[in-house]
Amino acid sequence: MSDPSADAPAPIPAAAPPPPRKALIGPTYRQFISEVLTKKAARNYLEVGVRAGETVAVAPCPTIGVDPNFVIDRNPVGSKRVLHLYQMTSDEFFRDHDPRAIFGGTVDVAFLDGLHVFEYLLRDFLNTERFCDRNSLILLDDCLPVNIEMTEREHRRELRQDKAIAGWWTGDVWKVVSVLRELRPDLRITPVDVRPTGSIMVSNLDPSSTVLYDRYFEILDKYLPLQLTPELFEAYWKTNRPIQADAITGYFNLSLFARP
Ligand SMILES: C[S@@+](CC[C@H](N)C(=O)[O-])C[C@H]1O[C@@H](n2cnc3c(N)ncnc32)[C@H](O)[C@@H]1O
C-alpha cells in the first residue's frame, strides 16, 4: 500500500517572526523641534542634515542648514527672517565656518541629523558644542533605534526582516549617547519619546570641554567594533528610557532658560 502522505504538498515553512520592536508614541521629531524652538524662544537654530528642508521650514528663528546634497522641494524659509544654507558636509562646514560669526552669537538650538554613522555624529556633536553656551540645546536624532537591525552601518533594506519599517535607518549613532554617558558625566542627557526613533536632548553644554576631541581615536577604537546584541539593546533602552515630550515642552520648560 502506498503512503498517502507521499504525494501531499510540502508544508509551507512559517515566515520567521520579525525581530522584537520597541514602541515610541510621542509627537514626531519635527513637531517636537518646532515646540522646543517656540518654548525656548530660540535665538537661532542650526540643522545638520537638511535634505528637503521640511524641518528647517518650521523653524521661526534665524537658521543655518548644512547638507552636502540638498533636495529642497518646498519653501524652506517659512516665517524666519534669515536662512543660511551651506551645501557641504558638516566636517567642511565646521572646518571653514564659525556659526557664531554667522548668527552674531552662540548656537542656541542644534539638531544633528546628518550621516547616521557613529563617528560622523560624534564629530558633529563635538564641533557643535564648541559654538554653544551652557544653556544651548543639542538634539541628537535617531539615537533610540526601535529594533536592532536598523542599527546597521549601511542601510540594506532588502535584507531587513521587519519589512514594515525596513525604510527606517538609524545606523550606529546610538553609540554617541553611550560615549557621552561614559566620558561626559557633566552633560545632562534626556531621551525623549519622539517618533519615529527618538530624540536625545543634550544640555548643560561646555564649549571649553576637549575630552571628546582629545580622546577621539581612543573612542573610535573602543566603540566602532561594538554591535547591539539583544542584551545590549535592552540595557541601552533601560539606561535611556525616554520621557514624554510634553515633560520638556510643558512643565520642564523653565530649565531651558536657566542662566547662571
Ligand atoms: C535624514 S536626512 C535629514 C532630514 C531633515 N533633518 C529633516 O528633518 O527633514 C539626512 C541628510 O543628511 C545629509 N548628509 C549626509 N551626509 C552628511 C554630512 N557628512 N554632513 C551633513 N549632512 C549629511 C543627507 O544628504 C541627507 O539629506
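## An exposed alanine to start with

Let's begin with Ala 41: just 11 C-beta neighbours sit inside 10 Å of this residue, so Ala 41 counts as exposed. You'll find Ala 41 in the loop between α1 and β1 (45–48). Its phi is near 50°, a positive value in a residue other than glycine. Keep in mind that this is a predicted model.

## The chain as a whole

Stepping back, the protein chain has 260 residues, and 39% of them count as buried. The C-alpha atoms fill a box of roughly 90 × 40 × 40 Å, taken along the principal axes. Along the chain there are 9 helices and 7 strands.

How much of the contact count comes from residues 24 or more positions apart? Among contacts with a separation of 6 or more, such pairs account for 63%.

## The sheet

The chain has an open sheet of 7 strands, and if you walk across it you meet β3-β2-β1-β4-β5-β7-β6, with mixed pairing. β3 (83–86) and β6 (188–192) each have a single partner strand, so they stand at the edges with one side lacking a neighbour in the sheet. From one strand to the next, the twist averages 15°.

Within the sheet, β4 (residues 107–112) and β5 (residues 132–141) run parallel and are joined by 5 bridges. Leu 112 has Leu 140 of β5 as its bridge partner. Helix α5 (residues 174–183) packs on the sheet, where it touches β5, β6 and β7 (199–203). The direction of α5 makes about 150° with that of β6.

## Around the ligand

Now for the ligand: 18 residues surround it, and the closest are Gly 49, Arg 51, Thr 55, Gly 114 and Leu 115. By class, this shell splits into 6 nonpolar, 6 polar and 6 charged residues.

## Backbone oddities

Most residues other than glycine have a negative phi, and most peptide bonds are trans. Asp 142 isn't a glycine, yet it has a positive phi of about 65°. Is Asp 142 buried or exposed? It has 25 other C-beta atoms within 10 Å, so Asp 142 is buried. Look for Asp 142 in the loop between β5 and α5.

The peptide bond from Arg 195 to Pro 196 is cis, with omega near 5°. Pro 196 sits in the loop between β6 and β7.

## Out before the first helix

Ala 23 lies in the segment before α1 (29–39). It has 7 C-beta neighbours inside 10 Å, so Ala 23 counts as exposed. From Ala 23 to Ile 219 is 196 residues in sequence and 30 Å in space, C-alpha to C-alpha.

Definitions and conventions
Residues numbered from 1 in each chain as written. Predicted model: local features only at pLDDT ≥ 70, side-chain atom pairs only at ≥ 80, totals over all residues. Near = placed C-beta within 6 Å. Nonpolar A, V, L, I, M, F, W, Y, C, P; charged D, E, K, R; others polar. Helix = DSSP H or I, 4+ residues; strand = E, 2+ residues; numbered from the N terminus. Buried ≥ 20, exposed ≤ 12 C-beta atoms within 10 Å, placed from the backbone. Contact = placed C-beta atoms within 7 Å. Pairing = 2+ DSSP bridges. Axes fitted to C-alpha atoms, helices over the stretch in contact; angles between N-to-C directions.
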